[in-house]
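Welcome! Here is a short tour for anyone meeting this structure for the first time. Take a look at the sequence and the model, and then read on.

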Amino acid sequence: MNTVEGNLEGKGKKVALVAGRFNDFINEKLIGGARDCLIRHGVADKNILLVRVPGSFEITYAAGKAVDSGKFDSVICIGTIIRGGTGHYELLSAEVTKGIASLAARADIPVVYGIVTADTIEQAIERAGSKMGNRGWDAAMTALEMMNLTGI
Ligand code: INI
């Protein structure tokens, strides 16, 4: 059996981070984790563009612009959606996920899903650099591997 898989080399790669401002105290930690991971794997800081948008709902649009610009090797989507007392959470998280998934399916570069969906603020904090790791870092690792996936 032959196997192909991407390595984690970031040298020479250009990456867009598209991040919502809603729940920004969490998103800042996710952005920091993603940036740290990319730089530690060889991506130059000047080759990382942070695109800020109001909330997770706007991420698909801006990520699509980043894909279509042809300037990047990968686009990482970062946002935090926290359940409130209404049905808003289900609607928003489903649409954001579908939007990013359909962009990922049509894009010719990897589009990575780094959206934290959580029932509570505490759960979101756990996924932004405390006991459950950092989803921004994880998303950057996925981007690195997928940017280097060749030979299929
Ligand atoms: N945006 C988020 O990123 N997270 C949320 O938890 C959230 N909630 O709960 O409302 C949220 N709302 C804003 C939304 O993404 C859009 O910016 C807004 O609806 C304008 O289109």
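Which backbone N or O atom lies 3.2 Å from an oxygen atom of the ligand? It belongs to Ile82. Please keep in mind that this is a predicted model. The notes below begin with the ligand and then turn to the nonpolar cores.

**Around the ligand**
- The ligand is surrounded by Phe22, Asn23, Gly55, Ser56, Phe57, Glu58, Thr80, Ile81, Ile82, His88 and Leu92.
- Asn23 places a polar side-chain atom 3.3 Å from a ligand oxygen atom.
- His88 also has a polar side-chain atom by a ligand oxygen atom, at 3.2 Å.
- The protein buries 72% of the 460 Å² that the ligand exposes when taken alone.

**The largest nonpolar core**
- In soluble globular proteins, nonpolar side chains tend to be buried together.
- Here, the largest nonpolar core contains 23 residues, and Leu17, Leu38, Ile76 and Ile78 have the most contacts inside it.
- At least two residues of this core come from each of strand E1 (15-20), helix H1 (24-40), strand E3 (74-82), strand E4 (111-118) and helix H5 (135-147).
- Helix H1 contributes the most, with 6 residues.
- Leaving aside residues up to four places away in sequence, Ile76 touches Val15, Ala16, Leu17, Val18, Leu38, Val112, Ala139, Ala140 and Ala143.

**Another core**
- Apart from the largest core lies another, made of 20 residues, including Val53, Ala62, Ala63 and Ile81.
- Ile81 is thus a good residue to look up twice: it belongs to this core, and it is one of the residues around the ligand.

Note on methods:
Residues are numbered from 1 along each chain as its sequence is written. This is a predicted model: local features need pLDDT of at least 70, side-chain atom pairs count only at pLDDT 80 or more; totals for chains, interfaces and linings use all residues. Side-chain values use heavy atoms; hydrogens and water are left out. A nonpolar core is a set of buried Ala, Val, Leu, Ile, Met, Phe, Trp, Tyr and Cys residues joined through side-chain atoms within 4.5 Å. Buried means under 20% relative accessible area, exposed over 50%, partly exposed in between (1.4 Å probe, protein chains only). Helices (H or I, at least four residues) and strands (E, at least two) are DSSP runs, numbered from the N terminus. Contact means heavy atoms within 4.5 Å. A residue is near a molecule or strand if one of its heavy atoms lies within 4 Å of it. A polar contact is a pair of N or O atoms within 3.5 Å; within protein, one must be able to donate a hydrogen and the other to accept it, and residues adjacent in sequence count only if both atoms are side-chain atoms. Accessible areas come from the Shrake-Rupley method with a 1.4 Å probe; for residues, only the protein chains shown count as cover.
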